[in-house]
Amino acid sequence: MRSISTEAKVGLFVLIALIVVAFMSLKVSQQGFGTEKGYLISAVFDNVAGLEKKGASVQMAGVEIGKVEGIRLKDGKALVTMRIFPDIKLPADVTAAIRTQGLLGVKYIEISSGVTSGEVLAKMGPQPYLKDGDQIRHTDRPADMDRLMNQASLAIDDIKTITSSLSRTLGSAEGEENIRRILVNFRDLSDSLNKMVVRNDDNVASLVGNLRGAAEDLKRTMASMSEVADDINKGRGTVGTLIKDRTIADNLNKTLVSLEEISKKINDGKGTIGKLVNDDETVENLNQGLTGINRYITKADQYSFLLSYRGEYLFDTGNGKSYLEMKIQPNQDKFYMLGLVSDPRGRRQETVTTVNGVSTTNVEYNKDKLLLSAQIGKRFRDVVIRGGILENTGGFGVDYYTLKDRLQLTVEAFDFGSSGRRPHLKAYGEYSLMKHIFVSAGWDDFLSKEGNSSPLVGFSIKFSDDDLKYLLTSVPLTK
């Protein structure tokens, strides 16, 4: 079978790329994927913990009216950007709040009616509506008491039910007859108790005798305590010696004087404790140190993590290739990525031997070695540029996101330093089938002269740190 030349492969790849670009352009022109529909508004919250950074629901009266477009930090608070559907008009005085939905605790943003009363609105005439870029002025602090209040409301309903039942029961003729019987039974019980007391006179007398004995025991105890007090007054025993011995009293006085001197030095700002208490500069330095610690802990909480696995099948070589990657993202447009790669060819190693002045390059592949990737990247709108170490060599990659980030088109280039070998170029696309499952297809090492060029297909599984927390907390613990 005649092999396809490198020029033909490059031409085929360019043709496929042009077809994909033309298809995307047609879709954009027909369906408007290139521009998001609706208008953007924003709101500022003190805390948005648990709210998805992109795609969280925005609702009004239980009906979805938009999605969360993004979240960023502004002046120590969370600025949430929302894209509202174009047919929804929101008055300028609406209120935004973060609510919890369902048993799983899914967070969403609820838009409530305006704070202005209906009578005032009628007098004011036509009201202004929020426009693209406007900010909601009124926000509610997320309340963790919602469920408690709901339970309290249910309890009040139960009390009302019980009260109503008692009213129906006691207010009827049958209820009055029951009350009369209860009173008769109570009178009969009193008579029975009187008879019981008469029959148990002897027992009562015995009880009185026991009380007299207890009183005698108490009298003897008081006499013993009087003897102990007399010993203390005479200086006998440990307590008596402590009170009557003048030497112990003098030592105690000296201790109190020393404590008074230490207290005076502290008040005068002398010594370490005195400086700590009275020196404003020392206190300020301590406060700054504590503030720095709090800032560091807060910053660490803002990091997000994404753990993913990708498997690829190379058609021409008939082998599989695996990637295990972790993305560390301090903010929305910057990330660090670490990964391990299992390549069927293994780690490529070159050795140069010189015999009689002639140098020979030998290439070996160690199949038992994993390849390492460590990259840093930054996102510019829909384009991500990243670079660093790719599969044990220097390189870079470019990612293009479209269809609301569901489709990712990627080109990677690395392994530039190998002698007599073209750089490793790889192009593929990855599409999100559902929240955690992705499929991919492309061409690996399509400029290779060593027969490593091959089309590929693959799939990926990705989990964020919030997903992992949910999975871990959902696992039942064995007793």
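Start with the whole protein chain shown as a surface: its accessible surface comes to about 33,200 Å², and 60% of that belongs to carbon and sulfur atoms. Accessible areas here come from the Shrake-Rupley method with a 1.4 Å probe, and for residues only the protein chains shown count as cover. You are looking at a predicted model, in which local features need pLDDT of at least 70 and side-chain atom pairs count only at pLDDT 80 or more, while totals for chains, interfaces and linings use all residues. Residues are numbered from 1 along each chain as its sequence is written, and side-chain values use heavy atoms, with hydrogens and water left out.

Next, colour the chain by burial. Of its 479 residues, 22% count as buried (under 20% relative accessible area; exposed is over 50%, partly exposed in between, with a 1.4 Å probe and protein chains only).

Now switch to a cartoon view. The protein chain has 10 helices and 19 strands; these are DSSP runs numbered from the N terminus, with at least four residues for helices (H or I) and at least two for strands (E).

**Stop one: the barrel**

Select β8, β9, β10 and β13 to β19. These 10 strands form a closed barrel with antiparallel pairing, where two strands pair if DSSP finds at least two bridges between them. Neighbouring strands of this barrel are turned by 20 degrees against each other on average, direction ignored.

Zoom in on residues 371-380, strand β13, and residues 383-390, strand β14. The two run antiparallel and are joined by 7 bridges. To see one pair, click Ala374, whose bridge partner in β14 is Ile389.

**Stop two: the open sheet**

Select β1 to β7. These 7 strands make an open sheet with mixed pairing, in the order β1-β4-β3-β2-β6-β5-β7. At its edges are β1 (39-45) and β7 (138-140), each pairing on one side only. The twist averages 35 degrees from one strand to the next.

Inside this sheet, pick β2 (residues 57-60) and β6 (residues 106-112), which pair in the parallel sense over 2 bridges. Gln59 has Glu110 in β6 as its bridge partner.

**Last stop: Ser57**

Click Ser57, in strand β2. Is Ser57 buried or exposed? Ser57 counts as buried because its relative accessible area is 13%. Show its side chain together with that of Gln59: a polar contact of 3.3 Å joins them (a pair of N or O atoms within 3.5 Å; within protein, one must be able to donate a hydrogen and the other to accept it, and residues adjacent in sequence count only if both atoms are side-chain atoms). Finally, select Glu64, Gly66, Lys67, Tyr108 and Ile109: Ser57 touches these residues, not counting those up to four places away in sequence, where contact means heavy atoms within 4.5 Å.

Notes: Axes are lines fitted to C-alpha atoms, for helices over the stretch in contact, and angles run from 0 to 180 degrees between N-to-C directions.
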